[in-house]
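Colleague: I am new to this structure and would like a close look at a single part of it, the largest pocket. Could you take me through what lines it, and then through a few residues elsewhere in the chain?

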Amino acid sequence: MKKLIFVCAIAMAGCGKTPAPESPLDAAARQTCMNTIESRATNPKSISYISNDTPVAKDAQGQLVVSIKFSAKNEMNMASTLQAKCTVSPDGKSLVDIAVSESR
């Protein structure tokens, strides 16, 4: 019984922990992606970020890959939910590629 209580206590201890803070390079890559989204939007003021807390990954070339889910209005003033996948230079300052698709 003591072992069961100990195991439960260990499991519960990790529940309330927050993720590690984002590195400055990750934050720069995320900001570069967001700036690109806003500069290419038909109606930049309509952008609402739904999820931009996905961890930044590195690809085989060392470039940073950022995924951001957002909502924006199109030229007919209808909102769409979209997913942007940005590939950013290793220093996080310049966009290499962006792919935007409709999200569900």
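**The largest pocket and its lining**

Modeller: The residues that line the largest pocket divide into 7 nonpolar, 6 polar and 3 charged, and please keep in mind throughout that this is a predicted model. The volume of the largest pocket is about 230 Å³, and among the 16 residues of its lining, those closest to the centre are Arg 40, Ala 41, Thr 42, Phe 70 and Leu 82. Several elements contribute to this lining, since H2, strand S3 (64-73), strand S4 (79-88) and strand S5 (95-102) each supply at least two of its residues.

Turning from the pocket to single residues, Ser 46 is found in the loop that runs between helix H2 (24-40) and strand S1 (48-51). Ser 46 has a relative accessible area of 16%, and because this is under 20%, the residue counts as buried. Leaving aside residues up to four places away in sequence, Ser 46 touches Ser 71, Ala 72 and Lys 73, and with Lys 73 there is also a contact in which the side chain of Ser 46 reaches the backbone nitrogen at 2.9 Å.

Arg 104, in the segment after S5, has a relative accessible area of 93%, and because this is over 50%, Arg 104 counts as exposed. Measuring from C-alpha to C-alpha in the model, Arg 104 and Ser 80 are 9.6 Å apart in space, while in sequence they are 24 residues apart.

Terms used: Residues numbered from 1 in each chain as written. Predicted model: local features only at pLDDT ≥ 70, side-chain atom pairs only at ≥ 80, totals over all residues. Heavy atoms only, no water. Helix = DSSP H or I, 4+ residues; strand = E, 2+ residues; numbered from the N terminus. Buried < 20%, exposed > 50% of the residue type's maximum accessible area, 1.4 Å probe, protein only. Polar contact = N/O pair within 3.5 Å; in protein donor to acceptor, adjacent residues only side chain to side chain. Contact = heavy atoms within 4.5 Å. 1 Å grid on protein atoms, 1.4 Å probe; cavity = no way out; pocket = protein on both sides within 12 Å on 5 of 7 lines; lining within 4 Å. Points joined across faces, edges and corners; volume = space filled by probe spheres on them. Nonpolar A, V, L, I, M, F, W, Y, C, P; charged D, E, K, R; others polar.
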